[in-house]
Amino acid sequence: MSSERREFRRGAWEMAPLAVGYAPFGLLVGAAVSRSPDPLAGWSGTLTIYGGSAHLAVLDLLARGAPAGLVIATGALVNARLLVYSMALAPLWAGARWPWRLAAAAMVVDPVWMLAQRRALDPGSLRARRAHFLGCGAALAGTWLLWVSTGAVLGSASAGAMPLSVAVPLCLASMVVPHLRVPGGWAAVGAAAVVQVVTRSWPPGSGLLLAMVLAALAGSAGSREGRRP
C-alpha cells in the first residue's frame, strides 16, 4: 500500500469519531430540511452550503419569506470563518493542480481544518499531508450527507418533526455556550441577544444578520479589554 493511501485511510479513521458525533446535529438539519417549503432544494444545500449552522439559518429565512439577498448574505456571514481556515490551509495546497485545490476547498470545515493542523505537527511529505486531508474530508462529507438525508426521511415521515422555529435556536445555543468561556464571549452573546429582542418586528432575517455583525464587534472589543494589563 502506498504512503498516500495509508495517509488517506489514516485521515478517514481519525475523522470517524468526530463524524459519528455529528449525528444528532445532522439529523436535526435533516428534520429542518423535511419541514422546509421545498425539501429537495433544502436538501441540496447539504454539501453546497456544507455547514450545519449556515444551512439551518438559510432554511429558516427561506421558510419565513426573507429576500434572496438577505438569505445569501446571512449564510455567507455564518460561514465566514471558513475563509480563515482556508488561508491557514493555503500553504498545504500551494502548487497543486486546480482540480485538487477545488476539491480541497470544498472540504474545508471546522473538524477537517483541526485534524489538518494536528497532522502538520507530525513528520511526513507534502503529498502525505494532502492525502490525509482528503481522507478526513471524504469521511466527514459522506457521513454528514448520510445524517442529513436520514433526518430528512425520518422528519418527513413524522408529523411531529421539529419546526425550524425550535431547531434554529437550539442549534445557535449549542454554538454559543462554548464561547462564553473565551475573552469577549459574554459581550458577543449579550449584544446578539439584545439585537434579536429589539429587532423582532423587523423583516425576516434582518435582525439575525445585524446580531451577527454586532456580536462580532462586541466580542472583538471585549477580547481586547480582557487582554489589557
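Val194, Val197 and Val198 together make a nonpolar surface patch of about 280 Å² in this predicted model. Of these residues, Val198 belongs to helix H11, which covers residues 185–198, and Val198 counts as exposed because its relative accessibility is 57%, where exposed means over 50%.

The interior offers a contrasting picture. In soluble globular proteins, nonpolar side chains tend to be buried together. Here the largest nonpolar core has 30 residues, and those with the most contacts inside it are Met15, Trp93, Val112, Phe133 and Leu140. At least two residues of this core come from each of helix H1 (3–21), helix H2 (23–34), H4, helix H6 (81–93), H8 and helix H9 (126–157). The most is given by H9, which supplies 8 residues to this core.

Which residues of helix H8 (residues 110–119) are buried? They are Pro111, Val112, Leu115, Ala116 and Arg119. These residues lie on the same side of H8, because the arc they cover around the axis is only 135°. Val112 is also named among the core residues with the most contacts, whereas Arg119 is a partner in a salt bridge with Glu7.

Salt bridges are the next topic. Side chains of opposite charge can pair when their charged atoms come close. The structure holds 7 salt bridges, including those in the table below.

| Salt bridge | Closest N to O distance |
|---|---|
| Arg127 and Glu4 | 3.1 Å |
| Arg119 and Glu7 | 3.2 Å |
| Arg10 and Glu7 | 3.7 Å |

The side chains of Arg127 and Glu4 meet in a salt bridge, and since Arg127 lies in helix H9 and Glu4 in helix H1, the pair ties together parts that are 123 residues apart in sequence. Arg127 is exposed, with a relative accessible area of 57%, while Glu4 is partly exposed, at a relative accessible area of 25%.

Glu7 takes part in a salt bridge with Arg10 and in another with Arg119. Arg10 and Glu7 both lie in helix H1, where they are 3 residues apart, about one turn of the helix. Is Glu7 buried or exposed? At 12% relative accessibility Glu7 counts as buried, because the cut-off for buried is under 20%, whereas Arg10 is partly exposed, with a relative accessible area of 27%.

The salt bridge between Arg119 and Glu7 has an N to O distance of 3.2 Å. Because Arg119 lies in helix H8 and Glu7 in helix H1, this pair ties together parts that are 112 residues apart in sequence. Arg119 counts as buried, with a relative accessibility of 2%. Through salt bridges that share partners, Glu7, Arg10, Glu14, Arg119 and Asp122 are joined into one network.

A further polar pair involves helix H4 (residues 52–63), in which Asp60 lies. The side chains of Asp60 and Arg64 are joined by a polar contact of 3.0 Å. Asp60 is itself buried, with a relative accessible area of 11%, and helix H4 is among the helices that each supply at least two residues to the largest nonpolar core.

Technical notes
Residues are numbered from 1 along each chain as its sequence is written. This is a predicted model: local features need pLDDT of at least 70, side-chain atom pairs count only at pLDDT 80 or more; totals for chains, interfaces and linings use all residues. Side-chain values use heavy atoms; hydrogens and water are left out. Buried means under 20% relative accessible area, exposed over 50%, partly exposed in between (1.4 Å probe, protein chains only). Helices (H or I, at least four residues) and strands (E, at least two) are DSSP runs, numbered from the N terminus. The arc is that of the directions from the helix axis to the C-beta atoms. Patches are made of residues with over 30% relative accessible area and no salt bridge: like charges are joined within 9 Å, nonpolar side chains (Val, Leu, Ile, Met, Phe, Trp, Tyr) within 5 Å. Accessible areas come from the Shrake-Rupley method with a 1.4 Å probe; for residues, only the protein chains shown count as cover. A salt bridge is a side-chain nitrogen of Lys or Arg within 4 Å of a carboxyl oxygen of Asp or Glu. A polar contact is a pair of N or O atoms within 3.5 Å; within protein, one must be able to donate a hydrogen and the other to accept it, and residues adjacent in sequence count only if both atoms are side-chain atoms. A nonpolar core is a set of buried Ala, Val, Leu, Ile, Met, Phe, Trp, Tyr and Cys residues joined through side-chain atoms within 4.5 Å.
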